[in-house]
Amino acid sequence: HSGVAGVVEAQLRRFGVTGSSRILQFASHSFDGAVWELCGGLLTGATLVMAPAEVTTPGPELAALIERHRVSHATLPPAALTVLEPEQLPSLTSMIVSGEASSGETVRRWSAGRRFINGYGPTETTVCATLSSPLSGGATPPIGRPTVGARAYVLDRDLCLVPPGVPGELHVSGAGLARGYLHRPGLTAERFVADPFGAPGSRMYRTGD
């Protein structure tokens, strides 16, 4: 549950959610992104806007839903934005893109006049591990800095920190880390390893990225 607390704190601090916000429930309940949206609405005092899956499919019906219910905050994959137009959604003042790599062109099209943030996080880290600062312009967006309670390291194969600009593997640790994979001890041992930078007994997740 401490991981969920970090999710809510990120919503308040980084995404600008308040009691007057109206958050879109876009993700399927079977997808971990739904936890981000549910917590953002139900645990902050904001309004959670829900609709059948056929209405939230990216396209004209989703755009109409956002405007009809004055949705102010949404988390969407970059692919969904390719079939929506920014000027059609004036109520949408804060947006996070996640689930896949975003592009500078997406930032350029969608950041004007709204808070636009790039998010990153595997399921194993309680949905969201890092968030960028609000973005603008057309540069390739960074994944940002760790959310509340999370730590992120880029390491080499010996689990040593690599210098800036040197390729490595992203590792995430902190309160939001999962215990492991159910009934899969081998995979758990492979992906969840000791954190040499944390307190004794702490672990980190090897993302593969």
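## Helix α4 and its packing

In this predicted model, the buried residues of helix α4 pack against three elements: β1 (22-24), β2 (47-49) and α3 (53-56). Helix α4 itself spans residues 60-68, and its buried residues are Leu62, Ala63, Leu65 and Ile66. These residues lie on the same side of α4, because the arc they cover around the axis is only 160 degrees. Such an arrangement accords with a general property of the α-helix: with 3.6 residues a turn, residues three or four places apart point the same way.

The other side of α4 carries Pro60 and Arg68, both of which are exposed. Following α4 is Arg70, which has a positive phi, near 50 degrees.

## Helix α2

Helix α2 (33-42) is mostly covered, with seven of its ten residues buried. The buried residues are Gly33, Ala34, Trp36, Glu37, Cys39, Gly40 and Gly41. Their packing partners are α1 (2-13) together with the strands β1, β2, β3, β4 and β6.

## Strands β3 to β6

Strand β3 (73-76) is covered on both faces. His73 and Thr75 are buried on one side, while Ala74 and Leu76 are buried on the other. β3 runs parallel to β4, and four bridges join the two strands. Within this pairing, Leu76 has Val97 of β4 as its bridge partner.

Strand β4 (residues 94-97) is also joined to β5 by four bridges, again in the parallel sense. Here Val97 stands opposite Asn118 in β5. Val97 is thus placed in both pairings, with Leu76 as its partner in β3 and Asn118 opposite it in β5. The connection between β4 and β5 involves helix α6 (residues 104-110), and the three elements make a right-handed β-α-β unit.

Strand β5 (residues 115-120) is largely enclosed by the rest of the structure, because five of its six residues are buried. Besides its parallel pairing with β4, β5 pairs with strand β6 (residues 130-131) in the antiparallel sense, over two bridges. In β6, Thr130 stands opposite Tyr120.

## The largest pocket

The largest pocket has a volume of about 540 Å³. Its lining comprises 29 residues, of which Ser98, Gly99, Glu100, Gly119 and Gly121 are the closest to the pocket centre. At least two lining residues come from each of α2, β3 and β5.

## The internal cavity

One cavity of 30 Å³ or more is found. The space in the largest cavity amounts to about 30 Å³, and its lining consists of Gln11, Phe15, Ile23, Leu24, Trp36, Glu37, Ala74 and Thr75. The elements β1, α2 and β3 each supply at least two residues of this lining.

Several of these lining residues also appear in the burial pattern described above. Trp36 and Glu37 are among the buried residues of α2, and Ala74 and Thr75 are buried on opposing sides of β3. Both α2 and β3 also contribute at least two residues each to the lining of the largest pocket.

## Strands β8, β9 and β11

Strand β9 (residues 169-174) has five of its six residues buried, so this strand is largely enclosed by the rest of the structure. Six bridges join β9 to strand β8 (residues 150-155), and the two run antiparallel. In this pairing, Gly174 of β9 is the bridge partner of Ala150. β9 also pairs with strand β11 (residues 203-206) in the antiparallel sense, over three bridges. The bridge partner of Ser173 in β11 is Met204.

## His171

His171 lies in strand β9. Its relative accessibility is 0%, and His171 therefore counts as buried. Setting aside residues up to four places away in sequence, His171 touches Arg151, Ala152, Tyr153, Leu155, Leu159, Met204, Tyr205 and Arg206.

The position of His171 can also be related to helix α4, in which Ile66 is one of the buried residues. His171 and Ile66 are 105 residues apart along the chain, and their C-alpha atoms are separated by 36 Å.

Terms used
Residues are numbered from 1 along each chain as its sequence is written. This is a predicted model: local features need pLDDT of at least 70, side-chain atom pairs count only at pLDDT 80 or more; totals for chains, interfaces and linings use all residues. Side-chain values use heavy atoms; hydrogens and water are left out. Buried means under 20% relative accessible area, exposed over 50%, partly exposed in between (1.4 Å probe, protein chains only). Two strands pair if DSSP finds at least two bridges between them. A crossover is right-handed if, with the strands pointing away from the viewer, the path from the first strand over the helix to the second runs clockwise. The arc is that of the directions from the helix axis to the C-beta atoms. Contact means heavy atoms within 4.5 Å. On a 1 Å grid over the protein atoms alone, a cavity is a set of points where a 1.4 Å probe fits but cannot get out, and a pocket is an open set with protein on both sides within 12 Å along at least five of seven lines; lining residues have an atom within 4 Å of a point. Grid points are joined across faces, edges and corners, and a volume is the space filled by probe spheres set on the points.
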